[in-house]
Amino acid sequence: MSRFRFAGVAGAVVMLTLLASAQITQAAEKAPAELLPPSTVVCVEINQPKDLISFAFDSAVRKQIDQTEGYRKFIDNPQYKIFQIIVAAIEQRAGVKWRQALETTTDGGVVLAFDAQTQGLVLLAKPSDPKTTDAVRDAFFAIARDDATKKGNPDPIEQKDYRGLTAFKIGDGMIANIGPYLMLTNKPDLAKATADRFLDGGASLADDHTFSGAHHDAAASSTAWVFVRTAPLRAMATDNPLLDPKYKSDNPAAEFLLGGLLPVVQKAEYVTASLSVKPDDLKLTLAAPL
């Protein structure tokens, strides 16, 4: 091969590498809503996960809950004890405490969505330290594989490669790193569509004017924000009497407390909720376009 031909091939390789790198960089800058399908019915954004974690672990409310009989019964449940054993094993293998792993994995925000088309859930979390998140994932995989080996079962973790991305299939669930996000979903088709939007773009929840308008009006300082498209929910629950505009409760107290909310659920195009969390205070705000 002549020097000129070699230089041409090398130049083409460098150019393709740069283009691929630019594509990944551009894809990595996508907001979570740009990765979600336009058929998303429910979208939960947790903008400040650390505030929620601190409230759950450290608040006075948590301390009061710890003293209740219901909580004591919950922690005495055999399933909870098994969960504690699994958590302790993951902490030992990953070399990180559960709370630190939770804060690290969710530090950049969390989005959870329900898609009407696939009937699937997808979670997108943005870790501040992907290496810690991967260590926790690998520790969980190792425990699952050890358990399967002891029971004589096949490997429960199946690795899948798709368009340069690596995913892990556990039953019907999928776990994958997509750019800066950790993705978990219970539907393989939803995982594939999310990866395609990450790599190629395309129609997404971010293009929906109803969602974008509601999102624009959301309080930027809220700890968490929820968007619920009510029309598809009404279509999926046609037998529920609460969704009938003619419905009237026989319970006077319930009618007094909740009667004003029923017309919203029955007629509004969507409903939003904003949650603000402080060390010992919660504030929930509901809104609808009526």
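What share of the 290 residues of the protein chain counts as buried? The figure is 32%. Please keep in mind that this is a predicted model. Below is a short tour, from the whole chain to its cores, one helix, a surface patch and a single threonine.

**The chain as a whole**
- The secondary structure of the protein chain comes to 13 helices and 10 strands.
- About 17700 Å² of the protein chain is exposed, and carbon and sulfur atoms supply 59% of that area.
- If you take the contacts between residues at least 6 apart in sequence, 62% of them join residues at least 24 apart.

**The nonpolar cores**
- In soluble globular proteins, nonpolar side chains tend to be buried together.
- Here, the largest nonpolar core has 26 residues, and L36, C43, M183, F211 and F227 are those with the most contacts inside it.
- Helix α9, which covers residues 188–200, gives the most to this core, with five residues.
- Another core lies apart from it and has seven residues, among them I90, A94, V136 and I143.
- M183 is a good residue to look up in the structure: leaving out residues up to four places away in sequence, M183 touches V122, L123, L124, M174, I175, A176, I178, A191 and T194.

**Helix α7 and its cover**
- Within α7, the buried residues are A101, E103, T104, T105 and T106.
- Several elements help to cover these buried residues of α7, including the helices α3 (49–58) and α8 (130–150) and the strands β2 (110–115), β3 (120–125) and β7 (181–185).
- L102 also belongs to helix α7, which spans residues 98–106.
- L102 counts as partly exposed because its relative accessibility is 31%, a value between the 20% limit for buried and the 50% limit for exposed.

**A nonpolar patch on the surface**
- L102 joins F57, F83 and W98 in a nonpolar patch on the surface.
- Together, these four residues have about 340 Å² of accessible area.

**A closer look at T210**
- You will find T210 in helix α10, which runs over residues 209–217.
- Is T210 buried or exposed? T210 is buried, because its relative accessible area is 18% and the cut-off for buried is under 20%.
- The side chains of T210 and E269 are joined by a polar contact of 3.1 Å.
- Beyond its neighbours within four places in sequence, T210 is in contact with F227, R229, E269 and Y270.
- One of these contacts leads back to the largest nonpolar core: F227 is among the residues with the most contacts inside that core.

Methods. Residues numbered from 1 in each chain as written. Predicted model: local features only at pLDDT ≥ 70, side-chain atom pairs only at ≥ 80, totals over all residues. Heavy atoms only, no water. Patch = residues over 30% accessible without salt bridge, like charges linked within 9 Å, V, L, I, M, F, W, Y side chains within 5 Å. Areas by Shrake-Rupley, 256 points an atom, 1.4 Å probe, with all protein chains shown as cover. Salt bridge = Lys/Arg side-chain N within 4 Å of Asp/Glu carboxyl O. Helix = DSSP H or I, 4+ residues; strand = E, 2+ residues; numbered from the N terminus. Buried < 20%, exposed > 50% of the residue type's maximum accessible area, 1.4 Å probe, protein only. Polar contact = N/O pair within 3.5 Å; in protein donor to acceptor, adjacent residues only side chain to side chain. Contact = heavy atoms within 4.5 Å. Core = buried A, V, L, I, M, F, W, Y, C linked by side-chain atoms within 4.5 Å.
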